[in-house]
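Here is a short tour of one structure, written with the bench in mind. Take a look at the sequence and the fold, and then we can walk through a helix, a pocket and a histidine.

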Amino acid sequence: MRAFAVTVLTLAALAVLAGLLWSHLSPRAPYQVTADGPMLADPSTQALISADGWYAVITGGLGLACGALAWFLGRRHQLAVLLGLGAGGVLAAFLTLWVGSTFTFGVVVVEAAAAPGVKIVPGSLTLTATGVIVAWPLVAVAFFGLMEGMHGYRESPLRKPYGLD
């Protein structure tokens, strides 16, 4: 139980840093303030796609690093660590999304072609491709399984049939 808890808490702590990094690197879509509320100033902006890409790169990279580190350090408690990677990865993905969309460090505003006198403000950071939320847990668990499969094959007696060395 301790290996599971340590894995989940470690991934949650990394998620806070990942959210801050995502908030710092991702450009914000430009919105113009109107009487009806904020509206997307440039409908052809690539800032929304860029934010999804940065989220996928950051969480996927951390998933890969966490999967490798968990495999090397969690050899004695593999099932607990693997379950911790799955549960902690899901928690970390949502925590990264929350931290990144809540805190706005290093806001980069994508300028839009707006009429003079129209106020342009940076929009909030969100995911438009919600499927990237599974990058962290999926990559972490998949890499852990790949490493375990390669190690299991190397140590398997079935690798050397008929007693040949």
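How far apart should the ends of α1 be, given its 24 residues at 1.5 Å a residue? The expected span is 34 Å, and the end C-alpha atoms of α1 are 34 Å apart, so the two values agree. Do keep in mind that this is a predicted model.

Let's stay with α1 for a moment. Its buried residues are A3, T7, V8, L11, A12, A15, A18, G19, W22 and S23. These buried residues pack against β1 (27–28), α2, α3 and α4. As background, residues three or four places apart in an α-helix point the same way, because there are 3.6 residues a turn.

Now to the largest pocket, which has a volume of about 420 Å³. It is lined by 18 residues, and V6, T7, A70, L73 and V81 are the closest to its centre. Two or more lining residues come from each of α1 (2–25), α2 (47–73) and α3 (78–102). The largest share, seven residues, belongs to α1. By residue class, the lining divides like this:

| Class | Lining residues of the largest pocket |
|---|---|
| Nonpolar | 12 residues |
| Polar | four residues |
| Charged | two residues |

Finally, is H151, a residue of helix α4 (residues 135–155), buried or exposed? H151 counts as buried because its relative accessibility is 17%, and the cut-off for buried is under 20%. Leaving out residues up to four places away in sequence, H151 touches W71 and R75. With R75, the side chain of H151 makes a polar contact of 2.8 Å.

Notes: Residues numbered from 1 in each chain as written. Predicted model: local features only at pLDDT ≥ 70, side-chain atom pairs only at ≥ 80, totals over all residues. Heavy atoms only, no water. 1 Å grid on protein atoms, 1.4 Å probe; cavity = no way out; pocket = protein on both sides within 12 Å on 5 of 7 lines; lining within 4 Å. Points joined across faces, edges and corners; volume = space filled by probe spheres on them. Helix = DSSP H or I, 4+ residues; strand = E, 2+ residues; numbered from the N terminus. Nonpolar A, V, L, I, M, F, W, Y, C, P; charged D, E, K, R; others polar. Buried < 20%, exposed > 50% of the residue type's maximum accessible area, 1.4 Å probe, protein only. Polar contact = N/O pair within 3.5 Å; in protein donor to acceptor, adjacent residues only side chain to side chain. Contact = heavy atoms within 4.5 Å. Expected span 1.5 Å × (residues − 1).
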